[in-house]
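Please open the structure in a viewer and keep the selection tool at hand. The tour proceeds by selections, each followed by a description of what is found there.

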Amino acid sequence: PGRRLRLAVAAAAPSEGLVKQLLGIERPAIDALSAGTLEAFNEERGWLPYGSGYLDSARIAAALTGGFGPVEQEFLRALGIDPSTITSTPQCKTEFGALAAAVPRVSFGYAALEPKVMDLRYLIETAPEHGKGLAGLAADVPGLDGRGDGMLDFGFGLDLDAFAGFVNLRAGKVAEAPFRCAALADLNDDIAKMNAELANPAVFMAGAAVSGLNLTLSKLELPDTGTPVFAGKIAIGSDNPASLLSMAGGFIPQLASLDLQPGTAPVALPAGLLPPDAPPAHVALGDRALAISIGAGEEAGLAAFAGAPSGKPAPLLHYGVDSRGLMTFMDAMAKASEAQLEAAEARAAMGQSENADGDGQPDADAADGADDVAELREAMDLFKSMQGAYVDSIDRVDFALYATERGLEAHYALRLK
């Protein structure tokens with residue numbers, strides 16, 4: 001059914017049997033394609049029928065504890081490793097197996113793949129008992145939905161109480177039955193320390209006051225000197241934003257005098273809170289957020305921003321950038337690279353004058369400095385060519401991380417011009 005190109009990575013001087021297995025000439029005992037495994041895999045996740053796959057944690061755990069198949073054994077021998085020398089205790093096999101059962105697969109695939117749109121998904125799949133706990137970790141922060149339309153967008157939402165409970169439950173189980181395998185023993189202390197840190201009263205105070213934030217910038221300039229220039233909005237998520245404003249008023253008396261009610265028009269921040277040359281700033285109150293705008297005209301949509309719905313499900317984390325933001329950051333990186341190149345050139349020139357041999361020729365150290373400069377210049381030229389290609393072709397990039405009953409899901413969306 002048509003011609004196909006098959007590529008494989010093989011051990012040096014591979015056996016004929018290995019080559020046939022890697023190229024699919026000899027079918028494996030479990031044929032995922034013929035059995036419809038991949039088709040069902042994609043359909044279950046809503047992914048396209050190409051560009052998808054997964055890592056099987058149970059197979060990896062078995063390999064790490066000495067359960068190598070013929071293919072793995074041949075690769076190990078090519079690396080000079082005798083597979084029979086890699087052994088594991090029954091305890092390690094059991095504990096690695098338990099970890100694999102908790103996170104059975106890491107999978108990936110495309111939800112969209114079109115000429116100008118790409119939506120790539122990664123999924124760290126968890127067992128149902130862990131997935132139920134994960135699904136309650138994200139907090140509803142107004143406007144935080146995993147998408148953005150600003151020059152730069154950043155936000156996160158985390159229910160600290162739920163997260164502390166999630167960790168505490170698993171830390172208790174580890175304390176009752178600690179890892180005995182030497183390769184996993186450090187996890188005992190790491191989990192106990194995390195649990196102790198989350199039990200800090202300050203964590204519970206912070207969790208009661210703030211559940212996350214959502215930032216969007218419509219303007220961002222990074223001058224060579226001076227402070228950055230920006231304009232935009234930020235919503236600070238809270239179950240009780242009026243209380244949050246009251247707390248802030250205890251430290252900044254001018255805020256206590258503001259007459260704010262959820263859904264009412266934004267109020268300008270009192271004079272004296274910002275530097276004389278700072279852009280205008282306003283504050284608004286929503287049912288679940290305290291919102292602040294910075295920049296002329298940004299207050300126009302502040303009340304709606306403070307009351308915008310969050311995503312369903314809400315992401316734990318989101319950041320995104322459009323072509324304007326991408327250009328701003330890449331320009332800053334280019335300037336930093338140019339400064340690094342200039343410094344290297346100055347050092348190389350100084351080395352040539354100070355380290356010249358008696359015949360007036362630069363010594364080996366000076367030659368090395370010149371080589372470093374040449375490498376930096378080549379890297380700089382490559383970066384500039386990539387910068388132009390990226391800015392000319394990319395319209396927007398968004399990344400979002402979700403905690404759901406399936407596990408931890410990462411969404412990477414790319415939109416081209």
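The stops below pass from the sheet to the aromatic residues, the salt bridges, a surface patch and a peptide bond. The model is a predicted one.

**The sheet**

Begin with the strands in a cartoon view. They include an open sheet of 12 strands with antiparallel pairing, in the order β1-β2-β3-β12-β11-β10-β4-β5-β6-β9-β8-β7. Select residues 53–56 and 267–268, which are β1 and β7, the strands at the edges. Each has a single partner strand, so one side of each is left without a neighbour in the sheet.

Next, select residues 212–221 and 229–237, the strands β5 and β6. They run antiparallel and are joined by 9 bridges. Within this pairing, show Leu 213 and locate its bridge partner in β6, which is Ile 236.

**Aromatic residues**

The whole structure holds 4 aromatic pairs. For one of them, select Phe 41 and Trp 47: the ring centres are 5.7 Å apart and the planes stand at 75 degrees, so the pair is edge-to-face. Phe 41 and Trp 47 are both buried. Add Tyr 54 to the selection, and the cluster formed through ring pairs by Phe 41, Trp 47 and Tyr 54 comes into view.

Keep Tyr 54 displayed and show Arg 105, which lies over the face of that ring at 4.7 Å from its centre. For another arrangement of a charge over a ring, select Arg 170 and Phe 166. The charged end of Arg 170 sits over the Phe 166 ring, 3.8 Å from the centre.

**Salt bridges**

A search of the whole structure gives 17 salt bridges. Select Asp 398 and Arg 396, whose side chains meet in one of them at 2.8 Å, N to O. Asp 398 counts as buried because its relative accessibility is 9%, and Arg 396 counts as buried because its value is 2%.

Arg 105, already on display, also belongs to a network in which salt bridges with shared partners join Glu 44, Arg 45, Arg 105 and Glu 125. Within that group, select Arg 45 and Glu 44, whose side chains form a salt bridge of 3.5 Å, N to O. Is each partner buried or exposed? Arg 45, at 10% relative accessibility, counts as buried, whereas Glu 44, at 61%, counts as exposed.

Return to strand β6 by way of another bridge: select Glu 298 and Lys 233, whose side chains meet at 2.9 Å, N to O. This pair links distant parts of the chain, with Glu 298 in the loop between β9 (289–294) and α12, Lys 233 in strand β6, and their positions 65 residues apart. Glu 298 counts as buried at 11% relative accessibility, and Lys 233 is buried with a relative accessible area of 15%.

**A nonpolar surface patch**

Switch to a surface view and select Leu 55, Ile 60, Leu 64, Val 106 and Ile 124. These residues make a nonpolar surface patch of about 410 Å². Ile 60 lies in helix α3, residues 57–64, and counts as partly exposed at 41% relative accessibility.

**A cis peptide bond**

For the last stop, select Lys 312 and Pro 313. Most peptide bonds are trans. The bond from Lys 312 to Pro 313 is cis, with omega near 5 degrees. Pro 313 is found in the loop between α12 (302–306) and β10 (317–322).

Conventions. Residues are numbered from 1 along each chain as its sequence is written. This is a predicted model: local features need pLDDT of at least 70, side-chain atom pairs count only at pLDDT 80 or more; totals for chains, interfaces and linings use all residues. Side-chain values use heavy atoms; hydrogens and water are left out. Patches are made of residues with over 30% relative accessible area and no salt bridge: like charges are joined within 9 Å, nonpolar side chains (Val, Leu, Ile, Met, Phe, Trp, Tyr) within 5 Å. Accessible areas come from the Shrake-Rupley method with a 1.4 Å probe; for residues, only the protein chains shown count as cover. A salt bridge is a side-chain nitrogen of Lys or Arg within 4 Å of a carboxyl oxygen of Asp or Glu. Helices (H or I, at least four residues) and strands (E, at least two) are DSSP runs, numbered from the N terminus. Buried means under 20% relative accessible area, exposed over 50%, partly exposed in between (1.4 Å probe, protein chains only). Rings of Phe, Tyr and Trp (its six-membered ring) pair if their centres lie within 6.5 Å; planes under 30 degrees apart count as stacked, over 60 as edge-to-face and the rest as tilted. A charge sits over a ring if NZ of Lys or CZ of Arg is within 6 Å of the ring centre and within 35 degrees of the ring normal. Two strands pair if DSSP finds at least two bridges between them.
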